[in-house]
Amino acid sequence: MRIVLKILGVLTLFTTISCNQNTKKPVLPELPGIKSAIGSKEKPRARFDYKTKMLVDPRTDEIPFNIHRDELTFSRSIQNSTLSNQRRESLEWTTAGPNNVGGRTRALAIDDRDEDIILAGGVSGGVWRSLNGGLSWTRTTQPTVLNSVTCIAQDNRTGKRDTWYFGTGELRGNSARAPGALYRGDGIFKSVDNGASWDILPATSTNQAASFDSPFNYVWNLATDPTSDFGIDEIYAALYGNIVRSTDGGNNWVKVHGEPNLLEDNSGNLNNSGASFYTNILITPSGDKYAYLSTSTGTGFNGTDKGIFYSTDGTNWTNITPPGFINFSERLVMAYAPSDDDILYFLVEGTSLQLWKYENSIWSNRSMQVPDDTFDFEAFDSQSSYNLTIKVHPSNPNIVYIGGTNLYRSTDGFTTRSNVSQIGGYAIEDESLIYENHHPDQHELVFLEDADQMLTANDGGVFKTFDNRSANVSWVSLNQGYITSQFYTIALSKVEQSSRTIGGLQDNGSYLKFENSVNSDWTEILGGDGSFCASTPADLYWYASFQEAGIFKVSYDSDGDLSTWAEVDPKGISRDNYLFVTPFVLDPNNYNRMYLAGDSAIWRNNNLTQISLFTQNTTTTNWDVIDPISDPEDITALEISTNPAHILYYGTSNGNVYKITSANQPTPDTEQIFSHQGYVANISINPNNADQLLVCYSNYNIPSLFYTEDGGENFVDVGGNLEENDDGSGNGPSIRWSEIIPLNNEEYFYMLGTSTGLYSTEELIEGQTVWQPEGLESIGHSVVSMIDYRSTDGKIVVATHGNGVFESSLANTEEIVPAVIEKSGIQLASGFPNPFTEEFQIRFTISEAGPLALHISDVSGRIIRTILNTPQFAGDISITWDAKNNSGDFVANGLYQYLIIYEGQSCGGNVILNR
């Protein structure tokens with residue numbers, strides 16, 4: 001995905017100081033790009049490993065296999081008990097979009113009677129329905145049901161087309177969980193009103209807090225039989241390990257293929273069943289049925305009775321697996337040619353990627369024509385079958401579309417290489433950019449009545465082309481109102497009454513919502529996998545990042561056009577030594593100071609504005625390590641105080657919590673204040689009292705929330721009713737984020753983001769805190785990954801992983817103001833060391849934010865270096881001179897002067913360079 005800083009909407013901001021009065025705006029250098037990623041070549045499972053560490057039970061180093069369904073069941077019990085004893089009304093929550101950014105979509109279908117009716121399913125966002133060809137969408141599943149939609153099918157027989165089914169449970173790739181935290185489904189849902197509402201099919205849901213006990217926990221695909229008699233509602237489902245069939249619309253099911261019969265397994269745990277990990281089912285218009293069972297199983301490899309099978313009656317199956325089919329097979333997708341359903345294509349991933357054509361019972365291997373590194377465009381990549389799809393053009397059986405990361409088309413059934421082209425995903429000319437108006441990671445293709453028109457579903461939502469046979473296929477987004485985006489992070493503008501919000505999205509980069517945006521549209525400002533982000537007072541700067549700490553500072557002029565950008569992350573750290581989503585925090589005591597976690601250390605930048613503009617390079621400017629950890633462990637959470645200022649708390653992947661006092665000084669003090677087995681996901685500080693903080697542990701089966709009132713001398717467990725058992729075991733949710741919000745009446749409002757939604761309380765009580773669900777009719781049980789609020793007006797934003805962002809307002813919040821600087825103007829503290837050999841640091845304080853310049857001059861008074869000429873925030877400031885002039889050359893030894901100019905005042909001193 002491209003890192004690109006785009007022109008944004010109208011925004012009144014500070015402008016960068018410049019002596020150039022030319023009204024013609026300069027053309028800014030363009031940033032190179034980066035893809036979103038599950039991982040890198042060096043760390044191919046980086047995203048999954050990141051999530052795994054957050055969730056594992058520390059005692060077993062595994063994630064409870066049943067946990068997501070079980071935690072939802074437990075959360076519903078909390079919901080019922082707290083609603084009956086509710087102490088206050090829940091806040092009113094409304095969606096904040098992004099209205100124009102879709103999330104990962106595996107399920108997509110068009111109503112056979114009316115192609116303006118489209119149903120789409122987000123893997124963590126529920127089912128959405130459009131009645132106008134994708135111009136707008138309405139969510140038709142309830143926020144409190146499982147969101148993991150993986151497939152959807154309509155009964156397309158005349159008189160039955162109001163009946164739809166969707167399956168749940170994404171076994172491969174769900175980013176709301178980790179590989180072991182399999183966010184299972186809850187079976188199959190059915191609609192009898194053309195997708196307007198849905199009910200669970202009871203026979204597919206055990207609805208029990210038990211282990212992995214049903215193959216319906218993972219539904220790979222659904223297919224209805226178009227040749228069934230009207231009185232028989234025949235539907236097939238490809239489940240974990242089995243192909244099953246119902247002849248009564250889903251009320252009862254029987255296994256028709258697969259070994260063993262998991263429907264009759266009463267062990268309560270299917271993890272060791274040896275059944276096929278991947279399955280699939282396809283039914284042609286003629287009623288021919290094709291099934292697939294992978295040799296890949298939950299326990300390794302099993303080649304017995306696995307492969308591709310054919311049936312005419314759905315009961316008796318013939319193995320038609322072609323000779324030369326890969327021995328170790330994982331996921332397979334298949335498609336028939338609508339113009340001749342005796343022609344089929346099969347695309348399978350395993351020890352290799354293979355493409356096969358099956359025509360009139362004859363196999364031909366077309367694998368050599370699948371794009372590889374010898375093509376003029378990017379090689380086909382399924383990311384280990386995370387993204388895999390295939391379809392055949394309705395009017396021409398030789399026009400075949402296959403999708404992995406990118407979308408490809410062959411006009412001769414992949415007979416020759418010369419007739420293969422790339423038509424979507426990443427850009428053809430630059431693999432770090434996105435194909436215009438499209439998105440990588442393909443999951444589904446659907447044709448309209450005009451067969452040259454086609455919809456695609458991918459990690460960016462839903463897209464449409466009006467000419468899928470064009471030499472240069474063009475696309476339009478159909479994501480307006482399809483709010484299924486998956487957020488990692490969120491930050492709210494610090495300007496009172498402003499709706500501006502920045503957030504980092506999985507697979508979709510970093511987006512910014514502007515004031516008075518039409519329909520909550522957001523604008524992309526940075527690519528990759530969106531990670532931590534931040535805002536500053538007056539919206540002077542915005543910070544965004546992509547995976548593994550690619551951090552950028554951007555600013556905009558008074559017209560809302562991009563004014564400056566700079567990469568600010570430190571030089572000398574390998575990307576492999578950062579978390580996939582790397583935490584950083586700006587210092588509220590001076591927003592030009594940043595603290596960053598990387599390489600088992602805390603890094604501090606004393607003044608980000610001094611970093612050179614318009615260069616995409618890591619930098620040494622003003623970065624230093626203030627606290628390396630002696631025993632290497634990932635630093636996972638950071639928070640900095642305001643009252644008193646400059647106390648930095650941080651937590652680690654091993655459950656340790658540290659406190660750094662005087663974090664802004666050259667030699668800060670560090671002490672460990674707490675240790676608890678687990679992963680510290682977040683630390684929140686009371687902005688009025690730095691001795692009071694909440695520490696969140698995101699792992700399952702441990703106590704998850706601790707509170708201290710004395711700076712860490714004593715901690716108490718305040719998880720309360722979010723813990724099923726006193727020792728933290730059971731089905732309590734994973735806690736991802738917390739906020740402590742002071743109110744004007746000397747009371748507090750506490751908020752938690754969890755894997756089962758948003759919770760709040762007004763009182764923390766050791767062992768007995770009652771957390772109340774928030775936004776059940778809006779946020780529901782979506783994973784809440786982060787929360788931010790603004791003290792000046794009580795505005796709150798909540799980032800979910802699957803349904804975008806929600807916002808609300810809390811009355812009576814106390815405005816948080818950093819410590820007041822007693823003297824106005826500028827106060828020069830010191831310049832050291834003096835004499836110096838390499839770097840000279842100048843420290844001073846200003847009382848209010850404003851433009852500031854710092855110059856170095858020689859003994860004749862001639863300015864040889866302008867170090868700063870930018871706005872600065874109030875507070876203590878540190879600036880470094882590296883003994884270079886404006887040309888970047890080292891100056892000679894001797895006496896120099898430094899001069900600070902701020903609000904009509906000036907001060908400075910002498911410095912001796914002696915190299």
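**A friendly note on two sheets and a proline**

1. Let's begin with a small pairing. Strand S50 (residues 705–708) and strand S51 run antiparallel, and two bridges join them. Within this pairing, Tyr707 stands opposite Val716 in S51. Please keep in mind as you look that this is a predicted model.

2. Now step back to the sheet around that pair. In which order do its strands lie? The order is S48-S49-S50-S51. This is an open sheet of four strands, and the pairing is antiparallel. Its edges are strand S48 (680–686) and strand S51 (716–717), each of which pairs on one side only. When you trace the sheet on screen, Val716 is thus a good place to pause: the residue belongs to S51 and stands opposite Tyr707.

3. Another sheet is worth finding next. Four strands, in the order S40-S41-S42-S43, form an open sheet with antiparallel pairing. Strand S40 (584–587) and strand S43 (623–628) are the edge strands here, with pairing on one side only for each. On average, neighbouring strands of this sheet are turned by 25° against each other, direction ignored.

4. Stay with S40 for a moment. How many bridges does S40 form with strand S41 (residues 590–597)? There are four bridges, and the two strands pair in the antiparallel sense. One position to look up is Asp587, which stands opposite Asn590 in S41.

5. Next comes a single residue, Pro338. You will find Pro338 in the loop between strand S20 (329–337) and strand S21 (340–350). Is Pro338 buried, partly exposed or exposed? Its relative accessibility is 42%, so Pro338 counts as partly exposed; that class lies between the cut-offs of 20% and 50%.

6. What does Pro338 touch, once its neighbours within four places in sequence are left aside? Pro338 is in contact with Val392, His393 and Pro394. Asn396 is another residue to locate: Pro338 and Asn396 are 58 residues apart along the chain, while their C-alpha atoms are separated by 8.3 Å.

7. Finally, a word on confidence. The chain has a mean pLDDT of 89, and 91% of its residues reach 70 or more. Over residues 1–23, however, the pLDDT is below 50, although this stretch has 85 contacts in the model beyond near neighbours in sequence. Residues 174–182 also stay under 50, and the model has 38 contacts for them beyond four places in sequence. Where pLDDT is low, the predicted coordinates should not be read in detail.

Technical notes:
Residues are numbered from 1 along each chain as its sequence is written. This is a predicted model: local features need pLDDT of at least 70, side-chain atom pairs count only at pLDDT 80 or more; totals for chains, interfaces and linings use all residues. Side-chain values use heavy atoms; hydrogens and water are left out. pLDDT is the predictor's confidence in each residue, from 0 to 100. Contact means heavy atoms within 4.5 Å. Two strands pair if DSSP finds at least two bridges between them. Axes are lines fitted to C-alpha atoms, for helices over the stretch in contact, and angles run from 0 to 180 degrees between N-to-C directions. Buried means under 20% relative accessible area, exposed over 50%, partly exposed in between (1.4 Å probe, protein chains only).
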